[in-house]
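Student: I have a structure to go through and would like to take it piece by piece. Can we start?

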Amino acid sequence: MSEQPSEASGVSGPPESPKASGPPADGSPTPPSPSASPSPAQGVEPPVTPAYLHAQRQGAQQAWQPGRPWQPPVKRPGATAKLRPAAPQLIPPAVLWAALATAVLSALLLGDGLGVNLLIVAVPAALAAGFAARAAGRRLRPWTATWAVGGLALLAVPALRDAGWPTFLAVVSAFALGSLALHGSRSWLGVLIGSVGTLDSVAAGVRWGWRGVRERADGSRGRWGTAVRTTAVALGLLMVFGTLFASADAAFADLLGRLTPDVSIVDGPLRTFLFLVGLVGALAAARTAAAPVRWDGLTVKAGKPRGRAEWALPLIVLDLLFAAFITLQLVVLLGGYDKVREKTGLDHAEYARQGFWQLLWATLLTLLVIALALRWAPRGGSRDRTLVRAVLGTLCVLTLVVVASALRRMDLYVEEYGLTRLRISVAAMELWLGVVFVLILAAGVLGARFLPRAIAVSAAAAVLAFGVISPDAVVAEQNVQRFEDDRASIDIDYLKDLSADAVPALDKLPEPQRSCALRVIQRELRGSDSPWYATSWGEARAEEILRERPATADHRTCYGLGTDGVREGERDGYEQDHDDYDPY
């Protein structure tokens, strides 16, 4: 008699015959079937379920798969996985061509120095990012345009000025603003990490570009061959007829030599490296624009609010200390310096030099104090907000007075000893810190939502202004003016090491001081063979001045003049050993 199907036993069909349950004819083992397990009512122990029938970690049953006896471990998402959007679609052709143009221009132009070439290379890289963002459906927002325009403006500094240190600051700041334009960050962590966030897309950008090239090349081999042949023919025609025209006319040969990059086999490794840097950088920028990491999603846990008295008392004591210091500064400025001099024995310049660096550190530490105070500030209601604004607002106002005092001290010191690169740099930094405190005060009134981006804009604007005004030119102008006003000694040994930006100011000196200050700069400019795209406007103007009025004094004349230029054997208050003087 046949057995009826039973739901309890889990068997959905008639039992198999002994022949059907035997091994296959080919001798291979028969995989066990969960549906064929006998019922406990038959007195037979059910077989143990094999491990390969468990699906991942839930214990669900699945069909047996030959060659896959185990499941791979489940990868846990990383800390930034929730911040990363979905991978972008296939890279558009316009992005590929713009990235290739960036790489070619980088290899051809950046090997001879920095000038307008950096801006030229940045344009196709920006176009690649724009094409990728448009293909991904992103819209141009006001802040994105602000970051992008600011970054390109900063890249104009190498085209205008010759000094290397403002150029370095401008290039680094331009990279940071470009990265912010691609990410669109607005929070503190978003602005800080987003300024270097493009580096996160370097490897992903290369993979994205390679996958796009490979998939497009598989379906369009004929078009790629046509493009290669067309490019080869065009380059061949340019080389043949360009060579003929250059040999026929010397003026055309000179023009062609100035416009075209001088590429040699010796420069091959450097040019290859620059090609790869340009290509990888453009692909990273495009990949970031297509799928930026949302760094704004990173948050810092707020500190535990403190009681009003516990929080406010230390800050009120600090406010009182600031007020006492500022009161003393006002007394000194209003005529009480004689008493201070009697006790300290310091003149105005020494007194100013002694306190400037301390005041600079006090300004920086005050920013840290404000950040920590806001983290643990009481947040109970309107009264707490009023207390926080009153205490921290007072501290910001007092710190602005400290900033003014520090700048006044630097001014006194510069009047005595002249201006240098270090002095103008720290004075510019102190001035920018004052702007930061003004923005903090405005945030206390208008809200802090705009503060991170406003401080980033102020920093970029400060770097741009610092580069455009040419600090080397300002240093030379101030020292020349001091020399003309009271015939004070001028440190020729220091001024001769300035960049070509200082030539217009140094050209105003009388002889032989003028020639002694310009000899080194003139020698460097004549020994330079930089093409037009690696020559700044400052260098071109200096070359024109020295071509019309060259420096003629020799090193003996300059040495006899005293190129060390210090007063009574001192520089900046320190004794100098003239036996170590090197006459160029």
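Tutor: One term before we begin: helices here are DSSP runs of H or I with at least four residues, numbered from the N terminus. Also keep in mind that this is a predicted model.

Student: Fine. How many helices and strands does the protein come to?

Tutor: The secondary structure amounts to 22 helices and 4 strands.

Student: And how much of the protein is buried?

Tutor: Of the 584 residues, 36% are buried. The protein exposes about 34500 Å², and carbon and sulfur atoms supply 64% of that area.

Student: Contacts between residues at least 6 apart: what share joins residues at least 24 apart?

Tutor: That share is 74%.

Student: Let's go to Arg549. Where is its place?

Tutor: Arg549 sits in the loop between helix H21 (537-548) and helix H22 (555-561).

Student: Buried, exposed or partly exposed?

Tutor: Arg549 counts as partly exposed, because its relative accessibility is 37%, and the partly exposed class runs between 20% and 50%.

Student: What does Arg549 touch, not counting residues up to four places away?

Tutor: Arg549 touches Asp507 and Arg514. As for Ser515, 34 residues away along the chain, its C-alpha is separated from that of Arg549 by 9.5 Å.

Student: Does Arg514 have a salt bridge partner, and which one?

Tutor: Glu511 and Arg514 meet through their side chains in a salt bridge, at 3.3 Å from N to O. Salt bridges with shared partners join Asp507, Glu511, Arg514, Glu548 and Arg549 into one network.

Student: Of Glu511 and Arg514, which is buried and which is partly exposed?

Tutor: Arg514 is buried, as its relative accessible area is 5%. Glu511, at 44% relative accessibility, counts as partly exposed.

Student: What kind of peptide bond joins Glu511 and Pro512?

Tutor: A cis one, with omega about 0 degrees. Pro512 is in the loop between H19 and H20. For background, most peptide bonds are trans.

Student: How many salt bridges does the count come to?

Tutor: The count is 11 salt bridges. One of the pairs is Asp112 with Arg271, at 3.6 Å from N to O. Asp112 is in the loop between helix H2 (93-109) and helix H3 (116-135), and Arg271 is in helix H11 (residues 268-290), so this pair ties together parts 159 residues apart in sequence.

Student: How accessible are Asp112 and Arg271?

Tutor: Asp112 counts as partly exposed at 26% relative accessibility, while Arg271 counts as buried at 7%.

Student: And the salt bridge of Glu477, which residue is on the other side?

Tutor: Lys508, and the N to O distance is 3.4 Å. Glu477 belongs to helix H17 and Lys508 to the loop between helix H19 (503-506) and helix H20 (513-527), so the pair ties together parts 31 residues apart in sequence. Glu477 is partly exposed, with a relative accessible area of 32%. Lys508 counts as partly exposed too, at 47% relative accessibility.

Student: Stay on H17. What does it reach from its first C-alpha to its last?

Tutor: Helix H17 (residues 471-486) has 16 residues and reaches 23 Å, close to the 22 Å expected at 1.5 Å a residue. Its buried residues include Val475, Ala476, Asn479, Val480, Arg482 and Phe483.

Student: Why would buried positions be three or four places apart in a helix?

Tutor: An α-helix has 3.6 residues a turn, so residues three or four places apart point the same way.

Student: What about phi of Ser470?

Tutor: Phi of Ser470 is near 60 degrees, a positive value in a residue other than glycine. Most residues other than glycine have a negative phi. Ser470 lies in the loop between helix H16 (451-468) and H17, and at 1% relative accessibility Ser470 counts as buried.

Student: Now the largest nonpolar core. Which members touch the most other members?

Tutor: Val503, Leu506, Leu509, Leu518 and Ile521, out of 49 residues in that core. Helix H15 (residues 421-446) gives the most to this core, with 8 residues.

Student: What is Leu509 in contact with, leaving aside neighbours within four places?

Tutor: Leu509 is in contact with Val480, Phe483, Ile490, Ile492, Arg514 and Ala517.

Student: Last one: which residues form a nonpolar patch on the surface?

Tutor: Val233, Leu237, Val240, Phe241 and Leu244 do, with about 470 Å² of accessible area together. Phe241 is in helix H9 (residues 221-248) and counts as partly exposed at 45% relative accessibility.

Notes: Residues numbered from 1 in each chain as written. Predicted model: local features only at pLDDT ≥ 70, side-chain atom pairs only at ≥ 80, totals over all residues. Heavy atoms only, no water. Core = buried A, V, L, I, M, F, W, Y, C linked by side-chain atoms within 4.5 Å. Buried < 20%, exposed > 50% of the residue type's maximum accessible area, 1.4 Å probe, protein only. Helix = DSSP H or I, 4+ residues; strand = E, 2+ residues; numbered from the N terminus. Contact = heavy atoms within 4.5 Å. Patch = residues over 30% accessible without salt bridge, like charges linked within 9 Å, V, L, I, M, F, W, Y side chains within 5 Å. Areas by Shrake-Rupley, 256 points an atom, 1.4 Å probe, with all protein chains shown as cover. Salt bridge = Lys/Arg side-chain N within 4 Å of Asp/Glu carboxyl O. Expected span 1.5 Å × (residues − 1).
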